[in-house]
Amino acid sequence: MDDKIQQFRYGLKDGVPIGLGYLAVSFTFGIMAKKAGISTLAAVVMSLTNLTSAGQFAALGVIQSGAPFVEMAAVQFIINLRYCLMSCSLSQKLDRAMPFFHRFLISYGVTDEVFGVSACREGVLSPFYAYGLICVAVPGWTLGTLLGAVSGDLLPARLLSALGVALYGMFLAIVIPPARGSRILAGVVAVSMAASFLFSIAPVLSGISSGFKVILLTVLIAGAAAFFFPVGEEQKGGKG
Amino acid sequence: MGRPVYLYILVMAGVTYLIRMLPLTLIKKEIRNTYVKSFLYYVPYVTLSVMIFPAILMATDSVWSGAAALAAAAFLAYRGKSLFQVSTAACAVVFILEWVLDLI
């Protein structure tokens, strides 16, 4: 019992940077939703039920154009398919003896950030740790949307700009420490960043949506790394 | 806008939840295949790295403040600082640098 509370607390603590970063990003989303003619309530409901950045931004265009629901489903499927890879990865971090209903609850909160923090945690992932993260991330995302929609100029532009890097700072804090202890992981990180950069400047490639870019590069690079550097039992935890 | 907004929201929320939920509920066993295991082990590192760069350079008002945030965060992460410390330091660097750039 104490362990559950402890895990939940760790989650809350690690969730703070996620919540702050979300606040900044969803603030922008709130402003744009309002511009797209969507009511404040609808924007907040969308953030609360979807909890996804790229998908929601893309949805604004779909709603504005009055496209068929099938098109909305297809757009979300492609942009958010990366969550499928993340959930596959997370499925291996969970305790097999854990009550099954936890899986349905954790699923709600599989975002890039919650996944990143959870997946790189040592050992088995406690659902309560994930709930801690979610309990900070969701209010950040929803509240930011509300503030952005209600008052676009509530936060000074410079503060928003600064908060914009919170999520990236957190990502770096996740990938760099294990890469320090492993040349393979360091290589994987470097190659991934270089490839991502190439995709953002090269003709044709730069036309690929960000969600699909993540899927494509993840399958290619993680696939190649797994082929050339298979991970043995003893190497888990980034010390290979 | 012809169709009700809330139906759009329902559709997108449904699709997104299923994408997240199906793998977590369908894959109950531990995967034994070394290749698949290794692949899933590398997934978060690749995914996060792809999302960091070059997006961090575009996240702020100026490329330079984004680059400075990247350098500061990478340095602190290398030194083993916590998620919160690295993240807030990156924000602080951007805030201060953009303030200084405005003065010049």
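Helices here are DSSP runs of H or I that hold at least four residues, numbered from the N terminus, and in those terms Pro54(B) belongs to the loop between α2 and α3 of chain B. The model is a predicted one.

**An unusual bond and two unusual angles**

Most residues other than glycine have a negative phi, and most peptide bonds are trans. Against that background, the bond that joins Phe53(B) and Pro54(B) is a cis peptide bond, with omega about 5°. Two residues of chain A stand out by their phi: Leu51(A), not a glycine, has a positive phi of about 50°, and Val204(A), also a residue other than glycine, has a positive phi near 70°. Both lie in loops, Leu51(A) between α2 (40–50) and α3 of chain A, and Val204(A) between α11 (183–201) and α12 (210–228) of chain A. Are these residues buried or exposed? Leu51(A) counts as buried because it has 25 C-beta neighbours inside 10 Å, whereas Val204(A), with 7 such neighbours inside 10 Å, counts as exposed. In chain B, a glycine is also worth noting, since Gly80(B), placed just after α4(B), takes a positive phi of about 80°.

**Helices of chain A**

Two packed helices are described by the angle between their axes and the distance between the axes. For helix α1 (residues 2–35) and helix α3 (residues 53–64) of chain A, the angle is about 10° and the axes are 10 Å apart. Because angles under 35 degrees count as roughly parallel, α1(A) is roughly parallel to α3(A). On the α1(A) side the meeting residues are Val25(A), Phe29(A), Met32(A) and Ala33(A), and on the α3(A) side they are Ser53(A), Gln56(A), Phe57(A) and Leu60(A). By class, this contact holds six nonpolar residues, two polar ones and no charged ones.

Further along the chain, α10(A) (residues 166–180) is mostly covered, for twelve of its 15 residues are buried. Among these buried residues are Tyr168(A), Phe171(A), Ile174(A) and Val175(A). The lengths of this helix and of α4 in chain B can be set beside the spans expected at 1.5 Å a residue.

| Helix | Number of residues | End-to-end C-alpha distance | Expected span |
|---|---|---|---|
| α10(A), residues 166–180 | 15 residues | 21 Å | 21 Å |
| α4(B), residues 63–78 | 16 residues | 22 Å | 22 Å |

**Two domains in chain A**

The domain assignment divides chain A into domain 1 (2–164) and domain 2 (181–240). The centres of these two domains, taken over C-alpha atoms, are separated by 23 Å, and eight residues of domain 1 are in contact with eight residues of domain 2. On the domain 1 side of this contact, α4 (69–80) and α5 (82–91) of chain A each supply at least two residues, and α4(A) gives the most, with three residues. That side consists of five nonpolar, one polar and two charged residues.

**Where the chains meet**

How many residues of chain B are in contact with chain A? There are 68 of them, and they touch 84 residues of chain A. Helices α1 (5–26), α2 (34–52), α3, α4 and α5 of chain B each supply at least two residues to the chain B side, with the largest share, 18 residues, coming from α2(B). By class, the chain B side divides into 49 nonpolar, eleven polar and eight charged residues.

One residue in α2(B) is Ser49(B), which counts as buried because 28 other C-beta atoms lie within 10 Å. Leaving aside neighbours within four places in sequence, Ser49(B) is in contact with Val175(A), Val189(A), Ser192(A) and Met193(A). Val175(A) is itself one of the buried residues of α10(A).

Helix α4(B) also takes part: its buried residues, including Ala69(B), Leu70(B) and Leu76(B), pack against α10 of chain A together with α3 (55–58) and α5 (83–103) of chain B.

From chain A, Tyr83(A), in helix α5, offers another view of the meeting of the chains. Tyr83(A) is buried, with 27 other C-beta atoms within 10 Å. Apart from neighbours within four places in sequence, Tyr83(A) is in contact with Val110(A) as well as Ile19(B) and Arg20(B). Within chain A, Tyr83(A) and Thr111(A) are 28 residues apart in sequence, and their C-alpha atoms are 7.1 Å apart in space.

Notes: Residues numbered from 1 in each chain as written. Chains lettered and ligands numbered in written order. Predicted model: local features only at pLDDT ≥ 70, side-chain atom pairs only at ≥ 80, totals over all residues. Axes fitted to C-alpha atoms, helices over the stretch in contact; angles between N-to-C directions. Parallel < 35°, antiparallel > 145°, perpendicular 65-115°, else oblique. Contact = placed C-beta atoms within 7 Å. Nonpolar A, V, L, I, M, F, W, Y, C, P; charged D, E, K, R; others polar. Domains from an automatic or database assignment. Expected span 1.5 Å × (residues − 1). Buried ≥ 20, exposed ≤ 12 C-beta atoms within 10 Å, placed from the backbone.
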